[in-house]
Every structure is written in C-alpha cells, then in structure tokens.
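Open your viewer, switch to a cartoon view and keep the selection tool at hand. We will go stop by stop, with something to select at each one.

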Amino acid sequence: MSGLRIGALAKRTGTNAPTIRYYEEIGLLRSADRQAGGQRVYSDADVKRLTFIRRCREFGFSIEQVRSLVELVQDPTQSCVHARDLAHEHLIAVRAKLAELKALERSIAAFVASCDASCAGGPGPECVILDDLSKRRIEVPSTLEGRRSTCGTCS
C-alpha cells in the first residue's frame with residue numbers, strides 16, 4: 001500500500017485526523033508527503049508508527065514518554081532496558097493514581113452513607129453532602145485520607 005490519505009490513515013489506526021496533524025506538528029509523526037493538490041499522503045511505515053503511538057497513548061503514556069519510546073523503536077543501538085525503565089516509572093505513577101482514586105471512592109462512599117443516615121430525602125440546603133462540599137478542606141495525614149469522622153463537631 002502507498003499513497004494513503006489522512007482519512008484512510010485515521011480509519012486504519014483508530015486515530016482522528018486532527019490528532020494525526022497534531023502528532024505531525026509536534027514531531028511524533030513525520031510530516032507527510034504531499035500530493036500535487038496539497039493532500040497528505042502516508043505510507044505503511046506511517047501506519048505502523050501511528051499505531052505504535054496510539055497504543056502508547058492508550059496505555060496512558062505522556063507525549064514526552066511516547067517520544068522517548070518512539071526514539072527507542074528507531075534506534076537499534078538502544079537497550080530494551082530503557083523501555084522497561086520508562087514503563088516501570090509509568091507503572092509507579094499509575095499505582096499512585098489508583099491509590100488516589102481509591103481514597104476518593106472512600107470519601108464519596110462516606111458522603112453517601114452520611115446522607116443516607118442523616119438527611120436522605122430532606123431539603124437540599126440541609127444535605128450533609130452539600131454542607132461538606134462547601135467547607136474548606138482540612139489537610140490530614142495521608143493515612144487518614146478518605147476517612148470521615150462520625151463526630152458532628154469534627155467535620
């Protein structure tokens with residue numbers, strides 16, 4: 001295959017045309033050759049590279065991380081250890097985000113339980129969830145994050 005237009009490339013890789021143009025603009029994807037009418041034309045190598053970029057993004061790698069991985073793919077002198085290290089760093093960040101989301105889940109579950117126990121069905125302005133959301137957040141040690149006091153004076 002040769003002479004693939006941007007719409008066909010987008011369909012083949014599951015990437016939309018504006019994203020393809022953006023990747024070209026920031027240098028993740030080479031600037032496409034142009035036909036006489038100015039339309040972009042892509043090759044099999046572009047399909048492969050864009051598929052790689054898209055998969056990296058699906059795994060949540062940042063643009064800069066993707067850039068590093070693309071460089072590793074292109075450089076046969078580089079060790080696979082670099083890709084492993086980058087993936088490991090990303091794994092650590094993902095695990096930290098999961099911990100944050102779990103703490104958020106606990107906080108929201110506490111909101112719901114508090115509402116069920118105190119004011120479910122009552123007037124909106126008296127809702128404990130709305131009351132808690134309107135208060136300034138007090139910093140607590142990370143070991144206590146997401147826990148809610150049942151004491152009426154310790155919100």
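A residue counts as buried here when its relative accessible area is under 20%, and as exposed when that value is over 50%. Keep in mind that this is a predicted model.

**The whole chain**

Start with everything selected and coloured by secondary structure. You should find six helices and two strands, and from the N terminus on they run α-α-β-β-α-α-α-α. Of the 155 residues, 26% count as buried. If you turn on a surface, its accessible area comes to about 10800 Å², with 57% of that belonging to carbon and sulfur atoms. Among contacts between residues at least 6 apart in sequence, 44% join residues at least 24 apart.

**Helix H2**

Now select residues 17-25, which form helix H2. Which residues of H2 are buried? Show Ala17, Ile20, Tyr23 and Glu24 as sticks, for these are the ones. They lie on the same side of H2, because the arc they cover around the axis is only 120°. The spacing has a simple background: an α-helix has 3.6 residues a turn, so residues three or four places apart point the same way.

Next, rotate to the face of H2 turned away from that buried side, where you meet the exposed residues Pro18 and Glu25. To see what covers the buried residues, add helix H1 (6-13), strand E2 (40-41), helix H3 (44-58) and helix H4 (63-74), which are included in the cover. Before leaving, click on Gly27, which follows H2 and has a positive phi, near 90°.

**The nonpolar cores**

Two residues from the last stop come back here. Select Leu9, Ile20, Tyr23, Tyr42 and Val66: within the largest nonpolar core, which has 22 residues, these touch the most other members. H1, H2, H3 and H4 are the elements that give two or more residues to this core, and H4 gives the most, with five. Apart from it lies another core, of five residues; Cys115, Cys119, Cys127 and Ile129 are among them.

**Gln65 on helix H4**

Stay with H4 and pick Gln65, which sits in this helix. Is Gln65 buried or exposed? Gln65 is buried, because its relative accessible area of 18% falls under the 20% limit. Leaving out residues up to four places away in sequence, Gln65 touches Gly60, Leu86 and His90.

**His82 on helix H5**

Move on to helix H5, residues 80-118, and select His82. With a relative accessible area of 41%, His82 is partly exposed. Show the side chain of Gln78 too: the side chain of His82 makes a polar contact with it, at 3.2 Å. Then measure from the C-alpha atom of His82 to that of Leu72; the two residues are 10 apart along the chain, and their C-alpha atoms are separated by 7.7 Å.

**The cysteines**

For the last stop, select every cysteine. How many disulfides does a search of the whole structure find? The count is zero. Cys115 is in no disulfide, and the nearest cysteine sulfur, that of Cys119, is 3.7 Å away. That pair does not qualify because a disulfide needs sulfur atoms within 2.5 Å. Cys115 is buried, with a relative accessible area of 14%. Finish on Cys56, which is also buried, with a value of 6%.

Note on methods: Residues numbered from 1 in each chain as written. Predicted model: local features only at pLDDT ≥ 70, side-chain atom pairs only at ≥ 80, totals over all residues. Heavy atoms only, no water. Buried < 20%, exposed > 50% of the residue type's maximum accessible area, 1.4 Å probe, protein only. Helix = DSSP H or I, 4+ residues; strand = E, 2+ residues; numbered from the N terminus. Arc of directions from axis to C-beta. Contact = heavy atoms within 4.5 Å. Core = buried A, V, L, I, M, F, W, Y, C linked by side-chain atoms within 4.5 Å. Polar contact = N/O pair within 3.5 Å; in protein donor to acceptor, adjacent residues only side chain to side chain. Areas by Shrake-Rupley, 256 points an atom, 1.4 Å probe, with all protein chains shown as cover.
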